[in-house]
Amino acid sequence: VMSGHIEKNKVPDLNPQPGFYIVGVSSTGMHSNGFTGGRHTLLAPDATLEPRAEWRVHYTGRFDLTDTPEELEGKTILEVMQVPTALYMVEAALIGQELNDNRVYGINITGNGLHNFNRVGNNVAFEISDPLKTLPIHRLLMQESGWDTQKAYTKQNMGMGFAYIVPDLETAERVTSIINGRGENRAQIIGQVVKNESAELVTRLHLGDSVYRFEGYNG
């Protein structure tokens, strides 16, 4: 069912420039696009949970829904999995109404993780130098799956469910203030857009002394 559409000529030209800022917004957990991979990684192949043998083989974990791994800080697997996916529409509407700046746009960090930044732009790189903290469920997933950091940040949101690209520091601070003022999600400035000599768009994640490169968009 079509609920609405935006006329193509009203879609702004999304063209981030060097010097633009990146504001990250917290997630609440695995979110919808990470849920299937998460349950396959964590849950044991139990016939009661998944009666279909052809699908049960995908479950490679060691936990039951009632287990409370230390990483989840007293919560059960089921409790953590039932946390609703954060929605960002109200915040986006408020930001759009207050700022009315078509250079401000949002990125949903869903399937493909940090590769989502690489969907728009020309000769730029997205430097994430101060990322949001990962959630307990993400740390448990990394432990149980054996994913390295590179893979984890392509398969899960890793604590950041949404992001905004904005033209200057003042706007970044205002966007952060609007989001944090509502109290539902947490936002912070996580980095900047910089010039890139290569035509291939790239996002670089800085964690301690390590830098992880996410080139192009695989969606």
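This is a short talk about one predicted protein model, from its overall build down to a few individual residues.

Hello everyone, and thanks for having me. Since the model is predicted, let's begin with confidence. The mean pLDDT of the chain is 91, and 94% of the residues reach 70 or more. If we go element by element, strand β1, residues 21-26, has the highest mean pLDDT at 98, while helix α1, residues 31-42, has the lowest at 89. As a general habit, where pLDDT is low, don't read the predicted coordinates in detail.

Now the overall build. The chain has seven helices and seven strands. Reading from the N terminus, the order is β-α-α-α-α-β-β-α-α-β-α-β-β-β. How does the radius of gyration fit with a compact globule? For 219 residues, a compact globule would come out near 17 Å, and this chain has 19 Å, which agrees. Along the principal axes, the C-alpha atoms fill a box of roughly 50 × 40 × 35 Å. Buried residues account for 42% of the 219 in the chain. Here is a number I like: take the contacts between residues at least 6 apart in sequence, and 73% of them join residues at least 24 apart.

Let's look at strand β1. Is β1 enclosed or open? Six of its six residues are buried, so the strand is largely enclosed by the rest of the structure. Both of its faces are covered. On one side you find Tyr-21, Val-23 and Val-25, and on the other Ile-22, Gly-24 and Ser-26, all buried. Which strands pair with β1? One is β4, antiparallel, over six bridges. Another is β5, residues 187-195, also antiparallel, over five bridges. To find these on your screen, look for Val-23, whose bridge partner in β4 is Tyr-164, and for Tyr-21, whose bridge partner in β5 is Gln-192.

Staying with β4 brings us to the aromatic rings. How many aromatic pairs does a search of the whole structure find? It finds three. One of them is Tyr-88 with Phe-162, a stacked pair with 5.0 Å from centre to centre and 25° between the planes. This pair links distant parts of the chain: Tyr-88 sits in the loop between α3 (77-81) and α4 (89-99), whereas Phe-162 belongs to strand β4, residues 160-166, and the two are 74 residues apart. Tyr-88 counts as buried because its relative accessible area is 6%, and the cut-off for buried is under 20%. Phe-162, at 14%, is buried as well. Another pair is Phe-117 with Phe-126, which is tilted, with 5.7 Å between centres and 40° between planes. Phe-117 and Phe-126 are both buried. Coming back to β4, ring pairs join Tyr-88, Phe-162 and Tyr-164 into a cluster. You have met Tyr-164 already, as the bridge partner of Val-23.

Next, a residue I'd like you to zoom in on: Asn-118. Where is Asn-118 placed? You'll find Asn-118 in the loop between β2 (105-108) and β3 (124-128). Why does Asn-118 count as buried? Its relative accessibility is 6%, under the 20% cut-off. The side chain of Asn-118 makes a polar contact with the side chain of Thr-203, at 2.8 Å. Beyond its neighbours within four places in sequence, Asn-118 is in contact with several residues, including Leu-201, Val-202, Phe-214 and Tyr-217. Phe-126, from the tilted pair, is among those contacts too.

Finally, let's visit helix α1 and a glycine that touches it. In α1, the buried residues are His-31, Gly-34, Gly-38, His-40, Thr-41 and Leu-42. They pack against α3, α5 (136-145), α6 (149-155) and β4. Gly-61 lies in the loop between α2 (53-56) and α3. With a relative accessible area of 17%, Gly-61 is buried. Which residues does Gly-61 contact, leaving aside its neighbours within four places in sequence? They are His-40, Thr-41, Leu-42, Leu-43, Ala-44 and Pro-45. As for Leu-141, its C-alpha atom is separated from that of Gly-61 by 9.9 Å, with their positions 80 residues apart along the chain.

If you keep one picture from today, let it be β1, buried on both faces and paired with β4 and β5. Thank you for listening!

How values were computed:
Residues are numbered from 1 along each chain as its sequence is written. Side-chain values use heavy atoms; hydrogens and water are left out. Helices (H or I, at least four residues) and strands (E, at least two) are DSSP runs, numbered from the N terminus. Buried means under 20% relative accessible area, exposed over 50%, partly exposed in between (1.4 Å probe, protein chains only). A polar contact is a pair of N or O atoms within 3.5 Å; within protein, one must be able to donate a hydrogen and the other to accept it, and residues adjacent in sequence count only if both atoms are side-chain atoms. Contact means heavy atoms within 4.5 Å. pLDDT is the predictor's confidence in each residue, from 0 to 100. Rings of Phe, Tyr and Trp (its six-membered ring) pair if their centres lie within 6.5 Å; planes under 30 degrees apart count as stacked, over 60 as edge-to-face and the rest as tilted. Two strands pair if DSSP finds at least two bridges between them. The radius of gyration is taken over C-alpha atoms; the globule rule is 2.2 Å times the number of residues to the power 0.38.
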